[in-house]
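This report walks through selected parts of one structure, from single residues to helices and open spaces. Please keep the sequence and the 3D view at hand while reading.

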Amino acid sequence: MNKIWIIAKRELDTFFNSLMAYITIVLFLGFSGLFTWLYGSDIFMVGEASLETFFQIAYWTLFIFIPALTMRLIAEEKRSGTLELLLTKPVNDWQVVVGKFLSTLLLIFIALLLTLPYYITVANIGNVDHGAVITGYLGLLLMSAAYIGIGIFASSIASNQIVGFLVALFIGIFFHIVFGFLASNFTGGFGEVLHYLSMQTHFESITRGVIDTKDLIYFLSIIFLGLVATEGVLSKRHHTD
Amino acid sequence: MNIHVENYTKMFGPQTAVDNISFKVNTGEVLGFLGPNGAGKTTTMQTLTSFLSPTGGNIKVGQYSVLENPEEVTKHIGYLPENNPLYKEMGVIDYLFFVASIYGIPKEKRSERVREMVKTTGLEKEKHKKIGELSKGYQQRVGLAQALIHDPEVLILDEPTTGLDPNQIVEIRELIKKIGKEKTVILSSHILAEVEATCDRILIINDGKIVADGTAGELQKRAQNKEFLKVTIEGGDTNEIYQKLQEIDSVEMVDFAGKQDENAFEVQSKPDMTSKKKIFDMCVSQNWYLTELTPVETKLEDIFQELTMN
């Protein structure tokens, strides 16, 4: 556990040292703030004291930003050779993968914490469904974690950062749009499977204020699969055939 | 801590990178690992540090095997990989603290260890910079500092002096020699002079196989069963001298050495024979005079080339 934290902390330092963290946070707050308060179907337009608009915007901005954060995690270390150095220290592949995963999740957590003033403001305007806000944030975190899992895997199979970004976005877009879109075109069992695979299904149900095990299992299994696959890619070097 | 390499084989798909090699390195020994590019040096070092797993055989560092206890192995090894990869965006001190914590050095001892490493590797003046801002030589010192921070018993250095200027090379070599007194060191290099200057023993590998193993002196002796002389004779016609030299019965080969009008020759004798006296006698009988008669020692370069050129 300790080793995981050491690795996560170093990654987080890198995010903040390279301005990557600040740029992401500023952009994220800018986008979500703009659309929540000022532009399009914002809160005043809807005329309701709810953060639903914000959650929908964040749902999209995080989908784009997360691959930009995860793209370098492994691809860059592979390119520069530091991965070899790191893996010859007394750490195992799991600790490296989980540490890197946690660092990015923490950064997203910080970004979401900074949107709390939105919540406080809205709560002052009218009656907010506090439960729905809490589960909405939880939904954003879980969704982010799922895309970080996908992103870190994409980074592990990519030869450079740009490829890492594009692969993550490519895999992500299936969960984000394609499955949901296809689900509406198919009926029966296949349609239901596609419906279950769609991120939107689970995100909506959780932002409505319901924490269902079905949704939790969905998010956790994407995270799990992403991390297992990444570990698999890293440990491939040990294959002896 | 001893290192035992037993029947180690490494394949990458159908390609054999290292083919069934065995050797032992004892505590306090500095082993020079020589070989042309692609001979399997780096692969062997990566397996020693348990980054890769052997396809066949086993490698043991002390009592720990890279197959069964890879994490124990890494705790006892300090490793400087080829091209010295570092987190360039990190500060020197931050980086050393990170490595110290990864090695599980207790919190209260970390700053002391980091300070010590900065001193030993001469990073005092540069310690507040980011690694990427340092010159290559100083980056190399950071690489050495991170490899030594947990006071490992085994040190593995993959081409530690590439890209350094001559002064830096001398300094790094001195450092390795100093460290090598109490640790087991394996060092790979293309630079033969470096291996000769720093290593107690030399291992030459080619095409994944060990082709020579011994001290620099032993390797020289082995390659030098033929006498090789540099001879300069004055007072006669060049071609005539050449002719007469070739007529000596113990001489196998004569070659011109040096510029055209200098009567300098390289004389190689037949195996286990000497031609010194006969050359001298020849000069006396012809009324020529010798200005040079020097035995030429086989250089490590020649041995290396002979063993690794197919």
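## Residues, helices and spaces

B:E126 counts as buried because its relative accessibility is 14%; buried means under 20% relative accessible area, exposed over 50%, and partly exposed in between (1.4 Å probe, protein chains only). This is a predicted model, in which local features need pLDDT of at least 70, side-chain atom pairs count only at pLDDT 80 or more, and totals for chains, interfaces and linings use all residues. Residues are numbered from 1 along each chain as its sequence is written, chains are lettered from A and ligands numbered from 1 in the order in which they are written, and side-chain values use heavy atoms, with hydrogens and water left out.

B:E126 sits in the loop between α4 and α5 of chain B. Helices (H or I, at least four residues) and strands (E, at least two) are DSSP runs, numbered from the N terminus. Not counting residues up to four places away in sequence, B:E126 touches B:V92, B:L134 and B:Y138, where contact means heavy atoms within 4.5 Å. B:Y138 is 12 residues from B:E126 along the chain, and their C-alpha atoms are separated by 7.9 Å.

Helix α5 of chain B holds B:Q140. Is B:Q140 buried or exposed? B:Q140 is buried, at a relative accessible area of 6%. Its side chain reaches the backbone oxygen of B:P160 at 2.5 Å. Such a polar contact is a pair of N or O atoms within 3.5 Å; within protein, one must be able to donate a hydrogen and the other to accept it, and residues adjacent in sequence count only if both atoms are side-chain atoms. Leaving aside neighbours within four places in sequence, the residues in contact with B:Q140 include B:L80, B:N84, B:L164 and B:I172.

### Two helices of chain B

B:I172 is also among the buried residues of α6(B), with B:Q168, B:I169, B:R173, B:L175, B:I176, B:I179 and B:G180. They cover an arc of only 160° around the axis, which puts them on the same side of α6(B); the arc is that of the directions from the helix axis to the C-beta atoms. The face turned away from the buried side of α6(B) carries the exposed residues B:P166 and B:N167. Cover for the buried residues of α6(B) comes from elements of chain B including β3 (30–34), α4 (107–120), α5 (136–148) and β8 (184–189).

At the N-terminal end, B:D165 caps α6(B), with a side-chain oxygen 3.0 Å from the backbone nitrogen of B:N167. The 15 residues of helix α6(B) (residues 166–180) should span 21 Å at 1.5 Å a residue, which agrees with the 21 Å between its end C-alpha atoms. The expected span is 1.5 Å times one less than the number of residues.

In helix α10 (residues 276–286) of chain B, the buried residues are B:I279, B:M282 and B:C283. Seen down the axis of α10(B), these fall within an arc of 95°, so they line one face of the helix. The face turned away from them carries the exposed residues B:K277, B:V284 and B:S285. The buried residues of α10(B) pack against β11 (228–234), α9 (238–247), β13 (264–269) and β14 (289–295) of chain B.

### Positive phi values

The table lists residues with a positive phi.

| Residue | Phi | Place |
|---|---|---|
| A:L19 | about 70° | loop between α1 and α2 (20–38) of chain A |
| B:D207 | near 55° | loop between β9 (201–206) and β10 (209–214) of chain B |
| B:N287 | about 65° | just after α10(B) |

B:D207 counts as exposed because its relative accessibility is 53%.

### Pocket and cavities

The largest pocket holds about 340 Å³ of space. Of the 15 residues that line the largest pocket, the closest to its centre are A:I6, A:K9, B:F98, B:S101 and B:R110. On a 1 Å grid over the protein atoms alone, a cavity is a set of points where a 1.4 Å probe fits but cannot get out, and a pocket is an open set with protein on both sides within 12 Å along at least five of seven lines; lining residues have an atom within 4 Å of a point. Grid points are joined across faces, edges and corners, and a volume is the space filled by probe spheres set on the points. The largest share of the pocket lining, seven residues, comes from α1(A).

By this rule there are three cavities of 30 Å³ or more, and the largest cavity has a volume of about 60 Å³. Residues lining the largest cavity include A:T82, A:L85, B:Y95 and B:F98. α3(B) gives the most to that lining, with four residues.
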